Amino acid sequence: MKFYEPSTVLNSELDTFQADIQAFITGELDPIKFKAFRVAHGVYEQRQPDTYMIRIRCAAGGITPTQLRRASDVAEAYGSGEVHFTTRQEIQVHDVRIEGVMPVIRELLAVGLSTRGGGGNTIRNILTPPDSGVHPDDVFDVDPYAMALTTRMIHEDDSWNLPRKLKINFSTNASDQSYTQATCLGFVAMEQNGQRGFAVYVGGGMGAKPMVGHLLLPFIPDTRVYHVARAIKVMFDKHGNRRSKYSSRLKFLWKKLERDGFLNIFYEEYNKIKADDTLNLVLPTVHNGAPETISLPPVSVTTEAFELWKKRYVVPQKQPGLYTIKIPLQLGDLIREDAVALTDFLSHFGDNCIRCDRAQNMRLRNIPEAYLGNAFTVIDGLKQTLVRHAAFVGNMINCTGAQTCKLGICLPRGLSTAIRNTLSDTTLDLDAIPEFRLNMSGCPNTCGMHHIADLGFFGKVGRKDGNMYPAYNVLAGAKTGAGTTAYAERYGELPAHYIPAFVRDFLKVYIDDKKAGTYADYHTFLQEKGIALIQSLCDTYKEVPALEEDDRFYTDFGAKNRLSLDEIGTAECSAGLFDMLDFDKKMIKKYSADLAKTDSEATESEPATLLGLILFHSVRMLLVTRGLDAKTHEQAFDFFDKHFITTGLVDERFRPLMPIGRANDMTKMVANTDAILDLAKTVNALYENMDDSLRFKSPSGDTIIEAAVASDDTHTVKDFRGVACPMNFVKTKLVLETLKTGARLMVLLDDGAPIQNVPNSVQMEGHTIVSKTPVDGYWEVLIQKA
Amino acid sequence: MNLNDEQVERYSRHIILQGVGGEGQEKLLAAKILIIGAGGLGAPVALYLAAAGVGTIGIIDADVVDISNLQRQVIHFTPDIGRPKVESAKEKMNAINPDVRVVTYNELFTKNNALDILANYDFVVDGTDSFSAKFLINDACVLAKKPFSHGGILRFDGQTMTHVPGTASYRCVFKEPPPANAVPTCSQAGVFGAVAGMLGTIQAAEAIRYIVGVGELLTNRLLIFDALRMRFRTVRVKPSELGIQGFRDSYDPPVCELRR
């Protein structure tokens, strides 16, 4: 049994990808283009240069013991040794060098695991609740739908170049354990007149601009899942915003078109195919049961620890005699030794015995009661899990944070550990709140799912006397449920260092009240007491000592250095660049309109001036898409000539306009009116046909060239600390020479002469110093190549 | 980037220069330059090109080192007296920079071997001391479409120009060699040693700038200086359609009847 079938064309695609990797290693393929290829194969560069993370698809969160073992094998052979479980119920292998990427991908494919679509603008991992098919409250098992839909969609060519990623979740009932209203497209199982089907939600999503999904269809028969998903995919492909990565997700399309507009274009696609039974998914049989023979002698355990473990982590399935087991992983990591022990054990229980859950934990299923003792012995013996803690501890969710993520402000992994340590020193009865969701993200993006938390935190920068310290916003009270989803609301903020104490104090009150049965549920508690409590605790814990008094407050949990500005917001520059593009576009429109108004009585100079302006803005408008920033009027023309005319993006016939525009020769403008207006039109058309990867397309839709735009959130890092002047500049310059215009380079420089000289020298060569940030005795200097 | 760590250090002051950089240095390492004459001009040219890391340097000269050479031919040292000049030069060049491959030709540059030798080089430096050799080099380079630097010194004076195909050649300035003995040679008139260094260094700079592709070459201009009063000037030279189709029968200077 497999949870999906990798695409049949994958092998030939991998040959191409292997050639791309080779070309990248030899320098023939530039890093920006390579990035586009590798991300689609689930290969991400980590914050450490030349180190990659590979994300592996696990449809319905499922993976077989054989597959998990192979993932651990490749992690051990080519990566950090750990298999990392994500909040999207899939796994990742970290710290893989470029040479290891291809072997990892091919060895995984040999056991039916695909990394294709792990990243990029495509159908991402399709999720179901980790207990789908085994929970007594299921309307029906949704795993077969997620599995069949995955196999279908990853075989389709038009799944790979969407405006942005498209996420699909299934829930087994209206309690909506898969948060279908917090994702692009959600299916909630229901029955209507004895017919299996789904309620369909669209346009939800968390992120920095969270939106709750809307009911698209109150009921579709279960045979129409693919038809709806296909219609959504096609309409998203046609209408999604490909230009701004900040508003490219499906939720923004709903926002832009509003309900009626969105439904119109949905039905336009859906009505075309909804009657076509040949499109029905072919559902696999997912058998939830134990193998008939288990070649393992049952072990009987009777200790108190075993009983406590069962209470915390073992739940009976709806299948009599079978159990699910949760294995709480520390920060989602399964180390090599533990993976070996677990997969050895699980190999006796068939292919359908593992799921990943959204709290980065492992779930086992279909374990017969007689083998719970065996399971306990194995799991309790694992070296790096939280199995001896209350379930609450392993349920805490945190994103990876600034350790590896370029957007991170704070380090939630460190915070999570600090909270765990603080709570383990108390007598709080955490077993009273096994399902409590304490979720934290390092920044306003929602990788740590703080929007759907009972108590959530997301990172921010605090300031005291001009010094920055790590801090978090405090949120609480998310509601989950099909049609009733509500995100957590913000009630205050805290310095990071007070959060463990805050959590302790808050939970103490809540646990006491819960055990006393004072309030009907958590939401009632929040309304009547909890919110006020959060606010008063935020007040209690607001004072940050001055840096001189206690500098610990200024260094995040798990951080080596004080919080630094550089860590923050490097990915947010491109919005400004696009504003500039829009400005040029507007100016062209305005001056063209003015030109049309000039009548025959106008003096010759007026149209000439307007034409000169139209020419300039036309030439400058698209430079930003190639990472170019013209410092002068002349440079705009030189750049355009080189990067648009010479490259063939814009026809040669416009070349004669370049010297005229460059010299701003007013005597020649009017004679070239047609050519100038034609150029403005051409540039606009090019822009209209640009896709979200900033590739330009010809009007026929063929991609004509890939723009060499430096992605704003990637840069090479070179450490030139300990390198004296001028060799540090020499080395910086040599690295810059290998980069494309617009690409970015981060150099680490010593304080003193290096920081005083190198940035100036780099600037003298025409490059831009984006930022200079002091970090604990050295400097991080971000350079953009001219 | 093909520079190794030692090369990055060795050439760091070039790499720092705007217009040269690592790319320019790599061009130099890949370049092949021929120096004709291992004498007063050839000496500084050879030393600077070797120091700059020009990958392949050819050097052609049939003479041996004479004690009278040492006053200006700084690549040769007293113990070298009697050795072939090209051997002496090669030893010094490799001592400066082992990166450089030095190809020696211990022979005269003649119309018979000219085109074969030129075929292996990207740029040519004329460091000879006779008009016949200068006209031969000019014609050979024009025929082979090779850029070259002309240089000449006498007493306290120096002159130099650079030819690249399509620009003025030496014959655009001087149509024919002067009659024999109309102009005294160095051995007759003497030469101020440092003038050789000044002019050879300018020629080396031209060769390097040509390879790197930076700045404005001395094309269609003749640079003349007088080291006695230390004045420099450039004279514009118009390229003329000379139609150099082949070598002349003889490059011996015409005999001046009057002076005889």
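# A walk through chains A and B

Start by selecting I33 in chain B: I33(B) stands opposite F123(B), a residue of β4(B). Before you move on, know that this is a predicted model, where local features need pLDDT of at least 70 and side-chain atom pairs count only at pLDDT 80 or more, while totals for chains, interfaces and linings use all residues. Residues are numbered from 1 along each chain as its sequence is written, with chains lettered from A and ligands numbered from 1 in the order in which they are written.

**Stop 1: the strands around β1(B)**

Highlight β1(B), residues 32–36, where 4 of the 5 residues are buried. Buried means that 20 or more other C-beta atoms, placed from the backbone, lie within 10 Å of a residue's own; with 12 or fewer it is exposed, and in between it is partly exposed. Strands here are DSSP runs of E with at least two residues, helices are runs of H or I with at least four, and both are numbered from the N terminus.

Now add β4(B), residues 123–126, which runs parallel to β1(B) and is joined to it by 4 bridges. Then add β2(B), residues 56–60, also parallel to β1(B), with 5 bridges. Two strands count as paired when DSSP finds at least two bridges between them. For one rung, pick L34(B) and its bridge partner G58(B) in β2(B). Trace the chain from β1(B) through helix α4(B), residues 42–52, to β2(B), and you follow a right-handed β-α-β crossover. Right-handed means that, with the strands pointing away from you, the path from the first strand over the helix to the second runs clockwise.

**Stop 2: where the chains meet**

Show both chains. How many residues of chain B are in contact with chain A? There are 11, and they touch 11 residues of chain A; contact means that C-beta atoms, placed from the backbone, lie within 7 Å. On chain B, α1 (5–10), α2 (12–16) and α3 (21–30) each supply at least two residues of that side.

**Stop 3: the inside of chain A**

Zoom out to chain A, with its 21 helices and 24 strands. Buried residues make up 47% of its 786 residues. Select A71(A), one of the residues with the most contacts inside the largest nonpolar core, which has 155 residues. Such a core is a set of buried Ala, Val, Leu, Ile, Met, Phe, Trp, Tyr and Cys residues joined through C-beta atoms within 7 Å. Beyond four places in sequence, the contacts of A71(A) include I56(A), V83(A) and L113(A).

**Stop 4: a five-strand sheet and its helix**

Select β14-β15-β16-β17-β18 of chain A, given in their order in an open sheet with mixed pairing. Look at β14 (397–398) and β18 (489–495) of chain A: each has a single partner strand, so one side of each has no neighbour in the sheet. β18(A) pairs with β17(A), residues 467–476, in the antiparallel sense over 6 bridges. Click Y472(A) and you'll find its bridge partner, L494(A), in β18(A).

Next, bring in α14(A), which lies across β17 and β18 of chain A and runs at about 25° to β18(A). That angle is between N-to-C directions on a scale from 0 to 180 degrees, using lines fitted to C-alpha atoms, for helices over the stretch in contact.

Last click: Q527(A), which sits in α14(A), residues 522–540. Is Q527(A) buried or exposed? Exposed, because 12 other C-beta atoms lie within 10 Å. Q527(A) and G477(A) are 50 residues apart in sequence, with 9.0 Å between their C-alpha atoms.

Conventions: Contact = placed C-beta atoms within 7 Å.
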